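Visitor: I have a model open here and would like to talk it through with you. Could we put it on screen before we start?

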Amino acid sequence: MDAIERLSVTEELRRLMARYVRYADHQRWQDLANLFTPDGTFTPHKPDGSVWFRMEGREGIAATVGASGGPGVTLVHHLFSDEIDVDSATAAHGVWAMEDIITRPEDADVSEDIPFRGMHGFGHYHARFVKTNGSWYIAELKQTRVRLEFTG
């Protein structure tokens with residue numbers, strides 16, 4: 001690959017991740033899940049490194065991330081600096097610094113899986129991408145945390 005091709009792939013992957021956070025903020029769970037390969041995985045971690053959830057497949061991702069949304073829930077995701085490595089014409093990986101804020105209604109249930117009414121998180125997305133049928137997809141997404149602040 002020449003430099004122009006690498007830059008083109010880099011921009012496509014930036015746009016893919018931008019769609020991911022936009023779909024999350026607008027609670028478009030199936031659209032978000034369709035950014036993954038059919039067998040893609042998403043694994044958010046807690047600040048101590050332990051796995052918070054492990055989601056597999058588009059339907060599993062849509063259902064699980066969708067549980068954090070709903071009426072009265074506000075989601076805000078930010079992506080910052082990215083490090084993208086293009087491995088080939090059909091494979092790449094990258095890391096994005098991220099911040100997310102979730103605000104749930106005062107009467108929202110608090111559970112072991114969702115132990116908050118308000119959350120402000122900081123960390124990184126670690127992604128592995130594949131290109132199939134002319135489009136890039138997320139094959140694996142890990143979210144690591146450096147800090148989580150809960151309220152309520």
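Visitor: Which residue in β4 does leucine 75 stand opposite?

Guide: Bearing in mind that this is a predicted model, leucine 75 stands opposite isoleucine 102 in β4. On β5, isoleucine 102 has methionine 119 as its bridge partner.

Visitor: And how many bridges hold β3 and β4 together, and in what sense do they pair?

Guide: β3 and β4 pair in the antiparallel sense over 12 bridges, and they form a hairpin with 2 residues between them.

Visitor: What about β4 with β5, over how many bridges do they pair?

Guide: Strand β4, residues 91-103, pairs with strand β5, residues 118-132, over 13 bridges in the antiparallel sense. One of the bridge partners there is phenylalanine 129 in β5, which is matched with alanine 92.

Visitor: Zooming out, in what order do the strands lie in the sheet?

Guide: The sheet is open and is formed by 6 strands in the order β2-β1-β6-β5-β4-β3, with mixed pairing. Because β2 (55-56) and β3 (74-88) each have a single partner strand, they stand at the edges, and one side of each is left without a neighbour in the sheet.

Visitor: Which strands does α1 lie across?

Guide: Helix α1, residues 3-25, lies across β1 (36-44), β3, β4, β5 and β6 (135-151), and its direction is at about 160° to β3.

Visitor: And α3, what does that helix lie across?

Guide: Helix α3, residues 57-66, lies across β1, β2 and β6, running at about 40° to β1.

Visitor: Which residues of α3 are buried?

Guide: Gly57, Ile61, Ala62 and Val65 are buried in α3, and what covers the buried residues of this helix includes α2 (29-33) together with β1 and β2.

Visitor: Changing topic to pockets: how much space lies in the largest one?

Guide: About 370 Å³ of space lies in the largest pocket. Its lining is made up of 24 residues, and Phe42, Val65, Ser68, Ile102 and Gln143 are those that lie nearest its centre. Two of these names have come up already, since Val65 is buried in α3 and Ile102 is the residue opposite leucine 75.

Visitor: Which elements supply at least two residues each to that lining?

Guide: The helices α1, α2 and α3 each supply at least two residues, as do the strands β1, β3, β4, β5 and β6.

Visitor: And how do the lining residues divide by character?

Guide: The lining of the largest pocket divides into 17 nonpolar, 4 polar and 3 charged residues.

Note on methods:
Residues numbered from 1 in each chain as written. Predicted model: local features only at pLDDT ≥ 70, side-chain atom pairs only at ≥ 80, totals over all residues. Heavy atoms only, no water. Pairing = 2+ DSSP bridges. Helix = DSSP H or I, 4+ residues; strand = E, 2+ residues; numbered from the N terminus. Contact = heavy atoms within 4.5 Å. Axes fitted to C-alpha atoms, helices over the stretch in contact; angles between N-to-C directions. Buried < 20%, exposed > 50% of the residue type's maximum accessible area, 1.4 Å probe, protein only. 1 Å grid on protein atoms, 1.4 Å probe; cavity = no way out; pocket = protein on both sides within 12 Å on 5 of 7 lines; lining within 4 Å. Points joined across faces, edges and corners; volume = space filled by probe spheres on them. Nonpolar A, V, L, I, M, F, W, Y, C, P; charged D, E, K, R; others polar.
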